[in-house]
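Thank you all for making the time this morning. I would like to walk you through one structure, taking its cysteines to begin with, then a helix, and then a patch of charge on the surface.

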Amino acid sequence: FIDNEVDHPNLAMKWHNSIIALLYLFCTHLHAHKPETKINKADNFKASGQPTPATTVGSKPRFAPPKLPDGAYYAQYFPGPGSPADHGLVLSQSKKDSDELADKYDGQWSVEVPDSSAIEGDYALVMKSPAKHYAISAKLDRPFVFDQPDKQFVLQYDVKFQHGMECGGAYLKLLTDSPSLNLTEFTDRTAYTIMFGPDKCGSEHKLHFILRHRCPATGNVEEKHARKPQVDLSPYFNDKRTHLYTLVVSSDNSFQVYIDRVLVNNGSLLEDLQPPVNPPPDADDPTDQKPADWDDREKIPDPKAVRPADWDESQSEFIDDAQASVPAGWLLDEPPTVPDTTAKKPADWDDDIDGAWQPAHIDNPKCKDAPGCGPWTRPKVRNPLYRGQWTPPLVDNPAYRGAWRPRRIANADGFVDKQPWKFSPIGAIGFELWSVTEGVAFDNLLIVDRKPLADSFADQTWSIKRQAERQQDSALQAVFDAVRDATNDRPWIWAALLVGVVLPLVLLIAYCCCLRESSPSSKAAAAAARARRKKTDGDDDYDDEDDKDDDDDLVDDAAPAAAEADYYDDSDEPPELVDLDAPDDEPEAEPIGVEPSVTGPRQRTVGKA
C-alpha cells in the first residue's frame, strides 16, 4: 500500500470511502431492525388496502395522506393549502395578562409547504412572524377522560425549526375541558391539564412535561414538573430537521418521553416530579418557638484573649506618599479646562428662561504637552503601621447545642393520592407561544389511548419524512445520522466499532509506516543523501587529512546500501563510474550510492533513480 502510493494516489481515499460505506451499511441495518418499531409498514399497508405513503416525483417523493388511527381523540395533518380556520384551528382574539400592545397574540400562522421540505406537497402549520406572541387551538373530537385502568394517554407531533431556534417555544398545551372553554379567548391564563414540548432561550434547552395536579383535600391546583432529560437537546433545535415528540402517560402512574421514537426520559408520577404530587406526611409545628437559652453558635470569641499593648487602631490604611514630588513640567497655575472662545450664544437663547449663557469648557490647550495642570496632590500608599481593628480569635462554644429545628407534627394539608394519572379531562389542544425565530413548522398532531396507534401513524408520516430529509442531505451527514440512531439504544456498538474498525486501521497504518522506514529503497536513499552532503562539504579542500578520513568512512558505510540499490535496479546498463578526484569544473551526475574502492582514485557509482 505504501510503496504504491505514488503510482496510485487515490488508493488511500478508496480505502477511506470503503470503510465509511461499510460503517453506514452496518448502522442502517441495525437501525432498520430497531425493537422499538414493532409494526411492519409495508405489511400494514398491504393488509389495510392503503396505498404506499409516498411516491417519487422528480427528485422528491410526493406526499400521500396517512390513514388516521381508529378511535383517535384528535388527529391533524395538513393535506393542502388553506387558512388555519379551514383546518379546524381557532385563532385567539385575546391578549396576554397585560395592557401592553406588544402582548397581543398577533403572530401570523400559515398552512404551507415549508421552504426546506423534502417531500413534495407536504403541508404544515408554520409560524411566520419573528418576535411575536402566538395563540391557536382546536377542540378534540371528544374529551379525553382519564377513567379506565388500562388506558394510556399518548400525545405525538412533529416539529421542525427551519432556521434553528434563537429563543422561543414549540410546546403544546392540552386545555382542561370545561363548559366555559372559549378558544377565541385562549391566553396564558387558560387552564390546562398537561404542557409538553421543546423550549429554548439562549443556551438553555428544555423539553417540558408539566402537569397541573389538583389536591384532593383542598382543591388547589399546583404545577408538577418532570426532571430534565439526561441527553443533549441542542441538536434538535439546530439541525433544521423534523423531529417527532411523543409523550406516554399510563394508568400505572408511569410516563415516558420520546424524541424520534427514542426514549429520552421516563419515571413515575409519584416519585419523579417536582414538587412531589403527595406532600410529606409531617411538617414543622408553626407554634413551636426556639427557647431563649438555646445557643446555636458553634464558635464564639475567646473571652480570655487580650488586645496587644502595641496594637494601634488609630492608624489609617493609606497615607500620603512623603517621597513623591511634583512632576517636571506640571503647570500648577493653569486650569485643566478653559471656556471655549469660539462658542457663540444660540440665537434662541432666552436669559430670562434659560439663565445667563456661558460658553462650554474645553481642555486647556496649554496642558496638551504637559504631564498635568492645576493643583497637584500626593498619591496614596499603604500605611506600614496600619493593623486594623483588633478582634479576639474564635474558639469552640462550650454551650453550643446545635441548630434548632421546630418539632414535627402531622401535616394538616397532607394527603395521599395513589392515582395521580387521573388528571382533569382534556377538551382542546393549543399552542400558546412566544418565538423570536420564525419558520417553526408543526405537523401530524395526534392524541390516542394506545402507543401502537401512534407508532403506526409515525410510520406513515414522520419516518417517511426523515428518510426523505436524509436523502436530501450529504452522504457524510447521512452516515453520521445512521451511526447516531443505531447507537442511541445500543451503546455497546461504540466498543464494537473501536475493536472491529478503528483498532485494525491504526495497526495497519503503523505497520505500513514501519515497512516504509525499513525498506531497502529508503535505506539506499538515506545513504545517498549522506554521501551527497559529504561530497558537497568536502569539495573545497580534499588536501585536509581529516576530511579524507571522514570521506573514507562514509564510503565504507554506504557500500552495503549501494549494493542493495544495485540489486533492486532492473536496468541492464552497468553503473557509470565518476572520478571523485577530477577537477570541480567537470559535470557530475546525481549520486545515488557509493562503491568502495581498494586501489586507485575514489569513484562514485551513479545508478538509476
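Let me start with Cys367 and Cys373, both of which are buried in what is, I should say at once, a predicted model. These two cysteines form a disulfide, with their sulfur atoms 1.8 Å apart, and the link between Cys367 and Cys373 is left-handed, with -125° about the S-S bond.

How many disulfides does a search of the whole structure find? The search finds 2, and the other pair to discuss is Cys167 with Cys201, joined by a disulfide with an S to S distance of 2.1 Å. The link of Cys167 and Cys201 is left-handed, with -90° about the S-S bond. This pair links distant parts of the chain, since Cys167 lies in strand β9, residues 167-169, while Cys201 lies in strand β11, residues 192-201, and the two are 34 residues apart.

Is Cys167 buried or exposed? Cys167 has a relative accessible area of 14%, and because the cut-off for buried is under 20%, Cys167 counts as buried. Its partner Cys201, at 45% relative accessibility, counts as partly exposed, because that class covers the range between 20% and 50%. If we number the bonded cysteines of the protein in sequence order, the pairing reads 1-2, 3-4. While we are on cysteines, let me also mention Cys215, which is buried, with a relative accessible area of 10%.

Now to the helix. Why do we describe helix α5, residues 451-460, as largely enclosed by the rest of the structure? We do so because 9 of its 10 residues are buried. The buried residues of α5 include the charged side chains many of you will look for, namely Lys451, Asp455 and Asp459, and also among them are Leu453, Ala454, Phe457 and Ala458, together with Ser456 and Gln460.

Finally, let us turn to the surface, where Asp348, Asp350, Asp352 and Asp354 gather in a patch of negative charge. Taking one of these residues as an example, Asp350 sits in the loop between β21, residues 337-339, and α4, residues 351-354. Asp350 has a relative accessible area of 32% and is therefore partly exposed.

To recapitulate for anyone who joined late, the whole structure holds 2 disulfides, helix α5 is largely enclosed, and four aspartates, Asp348, Asp350, Asp352 and Asp354, form a negative patch on the surface. I am happy to take your questions.

Note on methods
Residues numbered from 1 in each chain as written. Predicted model: local features only at pLDDT ≥ 70, side-chain atom pairs only at ≥ 80, totals over all residues. Heavy atoms only, no water. Patch = residues over 30% accessible without salt bridge, like charges linked within 9 Å, V, L, I, M, F, W, Y side chains within 5 Å. Areas by Shrake-Rupley, 256 points an atom, 1.4 Å probe, with all protein chains shown as cover. Salt bridge = Lys/Arg side-chain N within 4 Å of Asp/Glu carboxyl O. Lys, Arg positive; Asp, Glu negative; His and termini not counted. Charge placed at Lys NZ, Arg CZ, Asp CG, Glu CD. Helix = DSSP H or I, 4+ residues; strand = E, 2+ residues; numbered from the N terminus. Buried < 20%, exposed > 50% of the residue type's maximum accessible area, 1.4 Å probe, protein only. Disulfide = S-S within 2.5 Å.
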